[in-house]
Amino acid sequence: MNCLSTEEMHDFIDGRIDDNKMMQMDKHIQSCATCSALLDEQLETEQLISSLFPAVHVDDSFTDQVMNQLPKKKTSLTKKRGWRATFVAAAFVTAALLFLVISTVKQEPVTSSTPITIKVKDVKLTDAFITVTLATSGYSGKEMFFNESTKGDVALVLPNGKSEAASYAADQSANEITYEFPLFNVTHDEFKLLFNYRHIYGEDGQWTLEVPIDRKELLAQTETVTLHSTFEKEGVDVNFIRAQHGPQNSLFKFETKFTEEMATFVEQQVEKYTADLPLKEKEAYAGYNAQILYDVIDADGQKLKRSVPEDNVSIQNDRYAHTETISAYPSVQEGGYIAVTGAKYELPTNVRHSLTVNQLPYTFTYKDTEYEVKLLPDQRLEISSDAKTTTINDWHITVNNKPAWDTARFREDKEKKYTTITFDEGIQLDSFILYGQTELKYVYFDEPIRVEIR
């Protein structure tokens with residue numbers, strides 16, 4: 001049995017799998033040091049979150065209503081770049097119901113002219129995010145809810161009727177989708193999230209849902225601090241913008257981009273590696289990032305673990321990398337600070353291999369690391385390499401000079417790192433081009449840079 005992903009580990013902890021699978025996973029965890037350590041880490045995180053937030057008291061009938069609607073399984077995917085919403089495999093501990101916004105089980109499902117219905121299954125509110133889970137029924141095909149053919153939008157509607165664009169990430173399974181809305185730039189205390197769809201699962205229709213949000217009590221306990229710390233080092237230019245200290249989390253917002261010298265170097269590399277490529281492939285080379293490496297230290301000098309996964313928002317501009325980062329930690333008291341320890345670069349590569357199915361399995365070496373490419377059942381391709389020395393961060397596949405892949409899954413054990421790619425339906429795999437778009441480079445500063453956050 002392969003090592004468990006973070007998502008599978010959460011399913012194991014929460015008992016969202018059948019008994020036979022549970023026994024297999026339990027046996028594997030007991031015999032695998034990596035998975036055993038991951039289990040300990042997740043249990044420690046659950047205990048930490050549970051200790052940070054008070055218990056939620058709801059009506060006696062609420063638990064039964066929710067349990068009757070819980071799904072049997074949940075899966076997550078990472079979608080290819082270029083989508084309006086970035087799909088993330090963010091795992092949330094279901095026991096930590098941080099703040100109940102509305103009793104969603106009482107909301108009537110939204111129907112349309114098709115047999116497909118949508119209902120709001122769950123809504124959670126923290127200092128950092130609103131999380132809304134929608135559940136569907138009436139569709140049993142292979143298509144995912146949120147895909148290239150989905151027509152619809154999500155808007156933030158104010159009490160005066162005005163609408164604003166709502167930024168979000170989304171994580172989906174076959175019959176569910178969970179939206180995660182970052183709240184760092186949302187200053188309104190009351191609003192509605194308006195979901196409006198006209199084409200899902202390949203079906204035309206009209207599905208509209210409203211989710212009311214009330215943040216008055218939360219914002220009354222929140223302190224916002226403007227930060228005035230900037231620095232330029234090792235090819236990155238960093239500007240710390242704001243800290244937001246709430247009852248549950250401290251959020252930090254900063255932007256990182258390449259310096260002029262590094263941006264010029266990246267542009268030259270891109271031009272060098274794409275000079276002979278068709279236009280469609282050239283367009284894939286965009287948005288290279290520079291991100292800082294940092295720790296948040298509390299008043300007692302202890303390093304804090306993120307309480308909510310980091311949310312990187314990459315912004316394409318004429319100098320390539322401009323990354324705004326929103327990250328959340330347990331509330332940091334007076335005396336805490338950020339220690340910037342280094343930088344992580346995502347740089348272009350010239351790794352490109354023209355392959356046919358008959359050549360698989362296929363191996364090649366890049367920077368002293370051997371990569372193996374092999375074909376899996378169900379229109380999938382797996383790329384594996386040494387977990388400790390792998391530098392290539394982003395794989396792409398084209399057929400007839402057009403991007404041909406749909407989703408990618410990532411997993412890692414003690415020895416190997418794996419990327420499993422699923423192709424778009426209808427793609428013929430007689431021949432294709434595999435290329436590593438980017439590789440990671442880490443640089444650590446001699447002395448950490450201290451950033452005050454109060």
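**Exercise 1.** Which residue in strand 26 does Ser354 stand opposite?

*Solution.* Let's start with the two strands, keeping in mind that this is a predicted model. Strand 18 covers residues 337-356 and runs antiparallel to strand 26, residues 431-452, with 17 bridges joining them. Follow the pairing to Ser354, and you find Ile433 opposite in strand 26.

**Exercise 2.** Find the strands at the edges of the sheet that holds strands 18 and 26.

*Solution.* First, write down the order of this open, antiparallel sheet of five strands: 15-18-26-22-23. Next, look at the two ends: strand 15 (290-297) and strand 23 (402-403) each have a single partner strand, so one side of each has no neighbour in the sheet.

**Exercise 3.** Work out how the rings of Phe254 and Tyr294 are arranged.

*Solution.* The structure has 16 aromatic pairs. In the pair asked about, the ring centres of Phe254 and Tyr294 are 5.3 Å apart and the planes stand at 85°. Planes over 60 degrees apart count as edge-to-face, so that is the label for this pair. Now place the residues: Phe254 belongs to strand 14 (residues 249-258) and Tyr294 to strand 15, so the pair ties together parts 40 residues apart in sequence. Both Phe254 and Tyr294 are buried. Finally, ring pairs link these two with Phe240, Phe252 and Tyr329 into a cluster.

**Exercise 4.** Decide whether His199 is buried or exposed, and name a side chain that His199 contacts.

*Solution.* Locate His199 in strand 9 (residues 190-200). Its relative accessibility is 12%, and buried means under 20%, so His199 counts as buried. The side chain of His199 makes a polar contact with that of Asp204, at 2.5 Å.

How values were computed:
Residues numbered from 1 in each chain as written. Predicted model: local features only at pLDDT ≥ 70, side-chain atom pairs only at ≥ 80, totals over all residues. Heavy atoms only, no water. Pairing = 2+ DSSP bridges. Helix = DSSP H or I, 4+ residues; strand = E, 2+ residues; numbered from the N terminus. Buried < 20%, exposed > 50% of the residue type's maximum accessible area, 1.4 Å probe, protein only. Polar contact = N/O pair within 3.5 Å; in protein donor to acceptor, adjacent residues only side chain to side chain. Phe/Tyr/Trp six-rings, centres within 6.5 Å; stacked < 30°, edge-to-face > 60°.
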